[in-house]
Amino acid sequence: MRIRTYAIAVTVAVSATAGPILAAPATAAVPKAFASDVDGDGFADLVVGVPDGAVDGKAEAGYVDIVWGGAKGLGTSGDTRITQARPGIPGTPEKGDRFGAAVSVADVNGDGRADVVIGVPGEDIVGVGADAGTVSVLYGAHGGLGTGATVLNGPASSAAYGKSLVAADFTGDGTTDVAIGATDKVVLKRGGGPATTVFTGAMGGRAPILAAGDFDGSDDGVPDLATGYWSTAPFTQSHVRLWSWSPEEKSLANFWNTDNAGVSALAAGDFDGDGHDDLALGECREIADENIDDPCGPEELAEGGGIHIHYGAGIPWNFGYRQQTLNQDTAGVRGVAETADHFGAALVAADVDGDGRDDLIAGAPGEAIGSRAQAGAATLLLGGPTGLVDAHGVARSVAFQQNTPGVPGAAEAGDAFGAAVATGDYDHDGAVDIAVGSPGENTGSGGVWVLPAASPDGSSVFTPAKLGLPSPSSALKYGATLTSD
């Protein structure tokens with residue numbers, strides 16, 4: 001059994017042409033449970049972080065919006081807005097808390113339902129200092145939501161715990177652990193155990209990128225932690241690193257690195273179907289030339305944003321020996337690579353076509369649609385026997401944007417469609433649905449598009465106004481932070 005967990009922190013702000021419509025697999029089995037089913041009704045749910053939202057007049061206090069799945073699809077069964085004013089949630093809404101800056105879903109308390117882990121990097125901790133940050137958990141419950149608890153508080157002023165998150169059982173002991181991105185560090189809070197620092201490094205004020213997958217070749221179902229960060233000074237502090245649990249050291253041990261590879265997103269998936277998790281590096285670009293040959297693949301494939309894939313193997317030291325790189329100039333990939341497309345700025349993996357191999361959904365929020373700059377697009381890249389690119393260097397893809405026939409709305413400058421992407425079977429029909437965030441929609445109010453069975457047919461959109469959220473016309477950037485099943 002392979003376990004993969006994804007979390008997406010706030011992402012940065014494409015001309016793609018619609019490809020052939022991908023039909024739902026006729027023989028797809030209906031899953032019995034979903035990693036993101038918070039209320040236990042059998043439908044995957046979507047958690048949207050809205051750290052820019054005001055609460056009771058307090059700017060950027062932030063909130064989390066849980067959009068419930070249902071038989072008619074995501075967004076048709078309502079939503080629940082969660083703030084620190086909710087009974088049982090630690091803390092109170094304060095200006096600049098940024099509650100929901102990062103979100104992850106996992107069964108933290110072992111009751112079979114998904115719980116929501118929430119980053120609050122701007123939280124002031126009494127006796128510690130301003131912006132120490134905190135991480136909270138809101139427990140799922142049958143038919144709704146339970147209480148909340150504190151996972152971990154930051155230890156000092158400006159520690160900003162909760163900039164990014166991913167929750168999974170990294171220790172293999174049957175309890176859920178939480179990897180926490182903070183100011184210039186990543187910390188692991190063990191389920192029921194102490195917190196340990198995974199690593200520290202200059203990150204230029206950016207949130208470290210986190211993902212989980214079984215990369216070490218053990219195929220034991222115990223996730224390893226992938227971390228990525230980059231800064232402009234010093235150049236050599238730009239890395240993607242993999243960590244696996246060491247029972248002897250009682251900590252995560254680093255077993256693989258790629259240097260000078262700056263990324264905007266990471267995603268784990270078995271793209272070639274060999275039973276080993278692979279790692280996709282989104283919008284990979286070489287930060288500095290330190291006599292390291294092309295850590296993100298051929299330089300010409302970094303134009304507009306390149307996706308670099310390191311393929312898994314049966315033993316840790318062979319991880320990443322086989323690699324592929326693609327961008328929008330790769331044969332079979334929809335669109336054209338252009339500067340500032342940000343192709344791969346958001347990534348999520350899932351077996352969309354039901355062939356036993358994972359596929360990759362890549363957001364390109366900077367893509368121009370005609371003359372409309374930064375309108376944005378998302379591309380579905382299909383896995384195959386050799387991965388995301390075949391033996392002839394050709395990919396298979398389907399592209400979506402707001403001018404795709406059947407997709408609601410219209411592509412407009414600054415929409416940033418594709419700034420975040422997520423997957424889940426939100427209507428429980430056995431097919432993977434895709435959710436695409438467009439935080440620039442409606443002058444920054446934002447919205448989320450849902451593509452059932454990864455198709456424009458029957459696609460829909462929900463916005464803050466449609467959901468009845470407070471101040472729907474303000475710059476909420478709704479859809480910039482999404483979770484995935």
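**Exercise 1. The surroundings of leucine 46**

Task: State which residues leucine 46 touches, leaving aside residues up to four places away in sequence, and place leucine 46 within a nonpolar core.

Solution.
Step 1. Beyond four places in sequence, leucine 46 is in contact with Asp65, Ile66, Val67, Leu74, Ala422, Tyr426, Ala435, Val448, Phe462, Leu482 and Thr483. These contacts belong to a predicted model.
Step 2. The largest nonpolar core comprises 21 residues, and Leu46 is listed with Tyr426, Phe462 and Tyr478 as having the most contacts inside it.
Step 3. Two or more residues of this core come from each of strand 3, strand 4, strand 27 (420-424) and strand 29 (448-451). The greatest contribution is that of strand 3, with three residues.
Step 4. Another core, of 20 residues, lies apart from this one; Val348, Val352, Ile434 and Val436 are among its members.
Step 5. In soluble globular proteins, nonpolar side chains tend to be buried together.

**Exercise 2. The confidence of the model**

Task: Determine which residues have a pLDDT that stays under 50, and decide how their coordinates should be read.

Solution.
Step 1. For the chain, the mean pLDDT is 90, and 90% of the residues reach 70 or more.
Step 2. Over residues 1-33, pLDDT stays under 50. The model nevertheless has 121 contacts beyond four places in sequence for these residues.
Step 3. Where pLDDT is low, the predicted coordinates should not be read in detail.

**Exercise 3. A network around arginine 98**

Task: Identify the residues that share salt bridges with arginine 98, and describe where the partners lie in the chain.

Solution.
Step 1. Arginine 98 is located in the loop between strand 5 (79-82) and strand 6 (102-106). Its phi is positive, about 60°, although arginine 98 is not a glycine.
Step 2. A salt bridge joins the side chains of arginine 98 and aspartate 52, with an N to O distance of 3.0 Å. Aspartate 52 belongs to the loop between strand 3 (46-50) and strand 4 (63-67), and the two partners are 46 residues apart.
Step 3. Aspartate 52 is classed as buried because its relative accessibility of 18% is under 20%.
Step 4. Arginine 98 also forms a salt bridge with glutamate 60, whose closest N and O atoms are 3.9 Å apart. This pair, too, links distant parts of the chain: glutamate 60 lies in the loop between strand 3 and strand 4, 38 residues from arginine 98.
Step 5. Glutamate 60 has a relative accessibility of 34% and therefore counts as partly exposed.
Step 6. Through shared partners, the salt bridges join Asp52, Glu60 and Arg98 into one network.

**Exercise 4. A further salt bridge**

Task: Describe the salt bridge between aspartate 272 and arginine 322, and decide whether each partner is buried or partly exposed.

Solution.
Step 1. The whole structure contains five salt bridges. In one of them, the side chains of aspartate 272 and arginine 322 meet at 2.7 Å, N to O.
Step 2. Aspartate 272 is in the loop between strand 19 (265-269) and strand 20 (278-286), whereas arginine 322 is in the loop between strand 21 (306-310) and strand 22 (323-326). The partners are 50 residues apart.
Step 3. With a relative accessible area of 10%, aspartate 272 is buried. Arginine 322, at 34%, is partly exposed.

**Exercise 5. An open sheet and a neighbouring loop**

Task: Give the strand order of the open sheet of four strands, name its edge strands, and describe alanine 160 in the loop before strand 10.

Solution.
Step 1. The strand order is 10-11-12-13, and the pairing is antiparallel.
Step 2. Strand 10 and strand 13 (195-200) are the edge strands, since each pairs on one side only.
Step 3. Direction ignored, neighbouring strands of this sheet are turned by 20° against each other on average.
Step 4. Strand 10 and strand 11 (residues 177-182) run antiparallel and are joined by five bridges. Opposite alanine 167 stands valine 178 of strand 11.
Step 5. Alanine 160 lies in the loop between strand 9 (144-153) and strand 10 (164-168). Its phi is positive, near 55°, in a residue other than glycine.
Step 6. Alanine 160 is buried, because its relative accessible area of 8% is under 20%.

Key
Residues numbered from 1 in each chain as written. Predicted model: local features only at pLDDT ≥ 70, side-chain atom pairs only at ≥ 80, totals over all residues. Heavy atoms only, no water. Buried < 20%, exposed > 50% of the residue type's maximum accessible area, 1.4 Å probe, protein only. Salt bridge = Lys/Arg side-chain N within 4 Å of Asp/Glu carboxyl O. pLDDT = per-residue confidence, 0-100. Contact = heavy atoms within 4.5 Å. Core = buried A, V, L, I, M, F, W, Y, C linked by side-chain atoms within 4.5 Å. Pairing = 2+ DSSP bridges. Axes fitted to C-alpha atoms, helices over the stretch in contact; angles between N-to-C directions.
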